[in-house]
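Here are some questions from someone meeting this structure anew. Each gets a short answer.

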Amino acid sequence: MSASDNLQPFVFEHGGVRGAIVSLGATWRAVLERRHYPEPLRGVLGELMAAAALLASNLKFDGSLIMQMQGGGPVTLLVVDCTTELTMRAMAHWDGEPAGPLTRLLGNGRFVITLDPATGTQKYQSLVTLDGDSVAEVLGHYMSRSEQLDSRFWLAADGAQASGLLLQKMPHGGPDPDLWNRSVMLASTVTPRELLAAPGTALVRRLFHEEDVRVFNPRPVAFRCSCSRERVIAMLRMLGPAEISHVIEGHGEVEVNCEFCNRRYAFDRVDAEQLFAAEVVTPPDTTQH
Ligand SMILES: [Zn+2]
């Protein structure tokens, strides 16, 4: 069993179908260490992380893939953020003790995927209603509708591991017209326990042992939060000096906690003055009367 977190792409040699398998150990535990997620929500968040890594690994640009499930149930928000270098972070908002399947957790929810290239400002966002009882179902529906690409996910997560398997039918197909159905049928024999216990090459070999499958080199996956003091400063500047000094009068400082990694950023009165001191150099308003 491989010790590190990784993602392994593979392809069926006779074309038409590709896939990837991802195994998150330390990456997933880094999320769990930072907040205690109640059981059913924990499973959904872990599966969403595995799915995000699988999709991010396919992107053809440098940047991030952000998956959000926004709900009207006890769970109001799940966010997974995965860069194309496969560093990731995740968090959720909820009330009370959420229970039941995905539809109960999130109520009438929506699923939003944002592609955010590192260079340029053009973000691509697509939004669908949450359709399905599991993360794998929601994603399968999403992909066939928005990407017009037949995709199937098998996902699992427990308190130590999150894993996933993706199969995609390539648009140009291949010489073997039955390959897609056959590979989906073979993959469907996988149990969550197997996904969690024997991830990686061994599982791909076992599931598709009668097929000619080429497995590519594993790509490392790791937890990383992209928050920084600079980003927090940019956000505070947008709030404006009046709002900030109001908070400082009440609390003595402005404190911002990153919801993904729990890092704490604090600004006292002197820090806050410096935030806005820089504004002096911005050009004066020329629309004065
Ligand atoms: Zn952070």
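**Cysteine 225 and beyond**

Me: Is cysteine 225 buried, exposed or partly exposed?
Reply: A residue is buried with 20 or more other C-beta atoms within 10 Å of its own, exposed with 12 or fewer, and partly exposed in between, with C-beta atoms placed from the backbone. Cysteine 225 has 19 C-beta neighbours inside 10 Å, so cysteine 225 counts as partly exposed.

Me: How is this model numbered, and what kind is it?
Reply: Residues are numbered from 1 along each chain as its sequence is written. Local features need pLDDT of at least 70, side-chain atom pairs count only at pLDDT 80 or more, and totals for chains, interfaces and linings use all residues, as the model is predicted.

Me: What separates the C-alpha atoms of cysteine 225 and cysteine 258?
Reply: Cysteine 225 touches Cys258, among others (contact: C-beta atoms, placed from the backbone, within 7 Å). Along the chain, the two cysteines are 33 residues apart. Their C-alpha atoms are separated by 9.0 Å.

Me: Which helix gives the most to the largest nonpolar core?
Reply: A nonpolar core is a set of buried Ala, Val, Leu, Ile, Met, Phe, Trp, Tyr and Cys residues joined through C-beta atoms within 7 Å. The largest has 68 residues. Helices are DSSP runs (H or I, at least four residues), numbered from the N terminus. With 12 residues, the top contributor to this core is helix α2 (residues 39–56).

Me: Which residues does alanine 52 contact, leaving aside neighbours within four places in sequence?
Reply: Alanine 52 is among the residues with the most contacts inside the largest core. Its partners are Leu65, Met67, Val80, Cys82 and Met88.

Terms used
Helix = DSSP H or I, 4+ residues; strand = E, 2+ residues; numbered from the N terminus. Contact = placed C-beta atoms within 7 Å.
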